[in-house]
Amino acid sequence: MGVAGTGKTTVGRLVARALGVPFADGDAFHPAANVARMSAGIPLEDADRWPWLDALGAWMRARDAQGGGVAAASCLKRAYRDRLRAAVPGGAVFVHLAGERALIEGRMAARTGHFMPVSLLDSQCAVLEPLGADEPGVAVDVAGTPDEVAERALAALRAYGG
């Protein structure tokens with residue numbers, strides 16, 4: 001989880017590969033209308049996110065029954081994470097990819113072929129509710145290479161017990 005540009009997809013793929021489980025990019029679960037809104041620089045409202053979270057939750061539930069998986073998704077609010085946790089009987093553990101805003105903005109500006117414009121970073125940062133102390137998960141700094149971030153994420157998950 002985390003704001004756009006933190007490397008959720010890249011790091012998620014690396015973590016999934018290391019754990020030997022399937023990976024899903026949460027962006028693939030957005031309806032076309034959501035992608036169009038974001039591409040136009042219009043932030044999503046909660047009502048836009050519920051169907052997306054339900055579709056992602058269905059994938060997570062299916063993976064839970066088959067040994068687990070890794071999904072990359074913003075999950076900026078606790079309510080979104082609560083909705084996903086409710087969909088997964090075996091539970092879900094979140095890895096919050098976090099870092100300096102300037103680093104994240106620079107990464108967003110440098111990437112190509114993604115629908116999320118840099119102009120939406122401020123709205124994502126404003127909405128972000130970091131993991132609560134009572135939520136299952138870990139926070140990981142995104143500074144460094146994707147391999148370094150993935151290694152930190154795996155180490156944090158091992159220390160957490162996940």
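**Exercise 1.** In this predicted model, decide whether D48 is buried or exposed, and then describe its surroundings.

*Solution.* The first step is the relative accessible area of D48, which is 18%; since buried means under 20%, D48 counts as buried. The second step is to place the residue, and D48 is found in helix α3. The third step turns to polar partners: the side chain of D48 reaches the backbone nitrogen of E45 at 2.7 Å. Finally, when residues up to four places away in sequence are not counted, D48 touches N34 and R37.

**Exercise 2.** Determine how many aromatic pairs the model holds, and classify the geometry of W50 and Y80.

*Solution.* With ring centres required to lie within 6.5 Å, the count comes to 1 aromatic pair. W50 and Y80 form this pair, with 5.6 Å centre to centre and 80° between the planes; as an angle over 60 degrees counts as edge-to-face, the pair is edge-to-face. The next step is to locate the partners: W50 lies in helix α3 (residues 46–65) and Y80 in helix α4 (residues 78–87), so the pair ties together parts that are 30 residues apart in sequence. As for accessibility, W50 is partly exposed at a relative accessible area of 26%, whereas Y80, at 1%, is buried.

**Exercise 3.** Describe the span of helix α1, its buried residues and what covers them.

*Solution.* Helix α1 (residues 8–19) has 12 residues and reaches 16 Å from its first C-alpha to its last, close to the 16 Å expected at 1.5 Å a residue. Just after α1, G20 takes a positive phi of about 70°. Within the helix, K8, V11, G12, L14, V15 and A16 are buried, and their cover includes β1 (23–25), β2 (70–72), β3 (94–98) and α7 (146–160).

**Exercise 4.** Identify which residues of the largest nonpolar core touch the most other members, and which elements supply it.

*Solution.* The core has 19 residues, of which V11, V15, V95, L97, V138 and V140 touch the most other members. Two or more residues come from each of α1, β3, β4 (137–141) and α7, and α7 gives the most, with 6 residues. Taking V15 as an example, and leaving out residues up to four places away in sequence, its contacts are V70, A150, A153, L154 and L157. A second, separate core of 16 residues includes M1, W59, V88 and L131.

**Exercise 5.** Establish which element has the lowest mean pLDDT.

*Solution.* The protein chain averages a pLDDT of 88, and 91% of the residues score at least 70. Among the elements, helix α5 (residues 101–110) has the lowest mean, 72, and β2 the highest, 97. Where pLDDT is low, predicted coordinates should not be read in detail.

Notes. Residues are numbered from 1 along each chain as its sequence is written. Side-chain values use heavy atoms; hydrogens and water are left out. Rings of Phe, Tyr and Trp (its six-membered ring) pair if their centres lie within 6.5 Å; planes under 30 degrees apart count as stacked, over 60 as edge-to-face and the rest as tilted. Helices (H or I, at least four residues) and strands (E, at least two) are DSSP runs, numbered from the N terminus. Buried means under 20% relative accessible area, exposed over 50%, partly exposed in between (1.4 Å probe, protein chains only). A polar contact is a pair of N or O atoms within 3.5 Å; within protein, one must be able to donate a hydrogen and the other to accept it, and residues adjacent in sequence count only if both atoms are side-chain atoms. Contact means heavy atoms within 4.5 Å. The expected span of a helix is 1.5 Å times one less than its number of residues. pLDDT is the predictor's confidence in each residue, from 0 to 100. A nonpolar core is a set of buried Ala, Val, Leu, Ile, Met, Phe, Trp, Tyr and Cys residues joined through side-chain atoms within 4.5 Å.
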